[in-house]
Amino acid sequence: MLNVGKEIAVLKHMTVAELRARYAEVFGEETRSRHKDYLVKRIAWRLQSLAEGDLSERARARAAELGSDADIRMSAPRTPAKAAPERTRVAEICISSDKRLPMPGTVITREYKGQTVVVTVLPNGFEYEGEVYRSLSAVATAVTGTHWNGYHFFNLLKGGNDDA
């Protein structure tokens with residue numbers, strides 16, 4: 001009786017040249033493969049199949065039946081995949097030259113009178129409570145009700161300090 005575990009251990013310690021020779025011995029034909037793991041798996045499968053028996057005739061017939069009914073592609077399509085769905089939207093990202101301003105997508109938070117003010121930096125503005133503003137100063141004015149320098153209000157001045 002074949003001990004498949006021992007055989008696999010022996011196969012894993014063989015060189016590729018030895019595995020190719022063993023493949024030819026077991027299958028009765030040469031292999032073009034030089035992939036060690038592939039050869040080990042194929043040889044182990046064949047040894048197990050020879051020792052324990054192959055598929056039954058019923059299983060072979062069913063496999064042939066399934067194979068003949070299937071629409072099998074023998075090679076990958078040569079044409080590129082279809083373009084992205086129409087729901088995909090491409091937008092330009094405008095990076096501001098102002099170094100105080102974070103990248104689009106950044107969330108700026110600040111505590112003001114016991115509430116947390118959350119602003120999302122957009123490529124062309126700032127979102128606060130579902131509304132888009134053109135500047136941080138406009139957001140600060142909407143929050144406080146009085147005019148503020150937006151960079152000062154959100155502490156985005158050069159160096160991140162409040163000395164201004």
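Select R110 and F153 to begin: in this predicted model, the charged end of R110 sits over the ring of F153, 4.1 Å from its centre (a charge counts as over a ring if NZ of Lys or CZ of Arg is within 6 Å of the ring centre and within 35 degrees of the ring normal). Residues are numbered from 1 along each chain as its sequence is written, and side-chain values use heavy atoms, with hydrogens and water left out. Local features need pLDDT of at least 70 and side-chain atom pairs count only at pLDDT 80 or more, whereas totals for chains, interfaces and linings use all residues; pLDDT is the predictor's confidence in each residue, from 0 to 100.

Keep F153 selected and add W148, whose ring centre is 5.1 Å from that of F153, with the planes at 70°, so the pair is edge-to-face (rings of Phe, Tyr and Trp, the last by its six-membered ring, pair if their centres lie within 6.5 Å, and planes under 30 degrees apart count as stacked, over 60 as edge-to-face and the rest as tilted). F153 is buried, at 1% relative accessible area, while W148 is partly exposed, at 26% (buried means under 20%, exposed over 50%, partly exposed in between, with a 1.4 Å probe and protein chains only). Adding Y112 and F154 completes a cluster linked by ring pairs.

Now centre on F154, which touches I108, R110, V117, V119, L136, V139 and A140, leaving aside residues up to four places away in sequence (contact means heavy atoms within 4.5 Å). F154 is also among the residues with the most contacts inside the largest nonpolar core, which has 17 residues (a set of buried Ala, Val, Leu, Ile, Met, Phe, Trp, Tyr and Cys residues joined through side-chain atoms within 4.5 Å). Two or more residues of this core come from each of β1 (107–112), β2 (115–122), β3 (125–128), α5 (136–144) and α6 (150–153) (helices, H or I of at least four residues, and strands, E of at least two, are DSSP runs numbered from the N terminus). Another core, of 11 residues, lies apart from it and includes Y23, V26, F27 and I43.

Move next to A17, in helix α2 (residues 16–27), which counts as exposed at 57% relative accessibility. A17 and K36 are 19 residues apart in sequence and 9.3 Å apart in space, C-alpha to C-alpha.

Finally, colour by confidence: the chain has a mean pLDDT of 81, with 77% of its residues at 70 or more. Select residues 160–164 last, where pLDDT stays under 50 and the model has six contacts beyond four places in sequence.
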